[in-house]
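Here is a quick tour of one protein model, with charges, packing and strands taken in turn. Have the viewer open while you read.

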Amino acid sequence: MQQILSRTRLRAGQAAAYEELHAAVPPELAERLRAAGVHDWSIWRDGQDLIHLIEVDDYRAMRRALADDPVNAAWQDVVNPLLEADDDYSGDDDGLPLVWTLKGQG
C-alpha cells in the first residue's frame, strides 16, 4: 500500500464551502474510491492550502480508474470551482516527494 501526500489550494473565500461539501462525500463517490483501491483519504486545511493524505493500493492506477468515471467527474464539477487549479486526473502525478521518515531511518 502507498501513502501519498498531495496539496491543493482553495480560491479565496471558499474554505467554508469546501468544508461543508466534505462533511460527507456522496456515498457513490466513497464507493468508487474504495473500488479504485483507496483505503483512506484524509484532508487537512491550513488557510487556503489543503493537504491530502491518501492511503491507496496504487496511486497512479487509482487516478487512471477515476479519470473517466462519471461519479468522480460529477464530484470534480462541484469541487473544482472551489480550487485555484482544476484536477482532471490526467498526467503521471505521484504526489509530493517523501524526504524523510523516522520509521524509515531504522
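Over which ring does the charged end of Arg 63 sit? The ring belongs to Tyr 89, and the charged end is 4.4 Å from its centre. Keep in mind throughout that this is a predicted model.

## Arg 63 and its partners

Start with Arg 63, since several contacts come together there. Its side chain meets that of Asp 87 in a salt bridge, at 2.8 Å from N to O. Arg 63 is in helix α3 while Asp 87 is in the loop between α4 and α5, so this pair ties together parts 24 residues apart in sequence. Arg 63 also forms a salt bridge with Asp 93, where the closest N and O atoms are 3.9 Å apart. Asp 93 is in the loop between α4 and α5 as well, so here the parts tied together are 30 residues apart in sequence.

Buried or exposed: which is Arg 63? Its relative accessibility is 7%, so Arg 63 counts as buried. Its two acidic partners fall in another class: Asp 87 comes out partly exposed at 24%, and Asp 93 is partly exposed at 30%.

## Other salt bridges

How many salt bridges does the count come to? The number is 7. One of them joins the side chains of Arg 60 and Asp 94, again with 2.8 Å from N to O. Arg 60 sits in helix α3 and Asp 94 in the loop between α4 and α5 (102-105 being α5), so the pair ties together parts that are 34 residues apart in sequence. Arg 60 is partly exposed at 33% relative accessibility, and Asp 94 is partly exposed too, with a relative accessible area of 43%.

Back at Arg 63, the bridge to Asp 93 has its closest N and O atoms 3.9 Å apart. Elsewhere, salt bridges with shared partners link Arg 9, Asp 49 and Glu 84 into one network.

## Gln 76 in helix α4

Helix α4 covers residues 70-79, and Gln 76 is part of it. The relative accessible area of Gln 76 is 11%, so this residue is buried. What does Gln 76 touch, once residues up to four places away in sequence are set aside? The list is Pro 81, Asp 87 and Tyr 89. Two of those names are familiar: Asp 87 is a salt-bridge partner of Arg 63, and Tyr 89 carries the ring under the charged end of Arg 63.

## The nonpolar core

The largest nonpolar core has 19 residues, and Leu 10, Tyr 18, Val 56 and Met 62 touch the most other members. At least two residues each come from α1 (15-21), α2 (27-35), β3 (49-56), α3 (59-67) and α4.

Take Tyr 18 as a sample. Leaving out neighbours within four places in sequence, Tyr 18 is in contact with Leu 10, Ile 43, Leu 50, His 52, Val 79, Leu 82 and Leu 83. As for ring–ring pairing, the structure holds 0 aromatic pairs.

## Strands β2 and β3

Strand β2 spans residues 38-46 and runs antiparallel to β3, with 8 bridges joining the two. Within that pairing, Asp 40 is opposite Glu 55 in β3.

What sits at the turn? The hairpin of β2 and β3 has 2 residues between the strands, and Gly 47 takes a positive phi near 65 degrees there.

Notes
Residues numbered from 1 in each chain as written. Predicted model: local features only at pLDDT ≥ 70, side-chain atom pairs only at ≥ 80, totals over all residues. Heavy atoms only, no water. Helix = DSSP H or I, 4+ residues; strand = E, 2+ residues; numbered from the N terminus. Buried < 20%, exposed > 50% of the residue type's maximum accessible area, 1.4 Å probe, protein only. Contact = heavy atoms within 4.5 Å. Core = buried A, V, L, I, M, F, W, Y, C linked by side-chain atoms within 4.5 Å. Phe/Tyr/Trp six-rings, centres within 6.5 Å; stacked < 30°, edge-to-face > 60°. Lys NZ or Arg CZ within 6 Å of the ring centre and 35° of its normal. Salt bridge = Lys/Arg side-chain N within 4 Å of Asp/Glu carboxyl O. Pairing = 2+ DSSP bridges.
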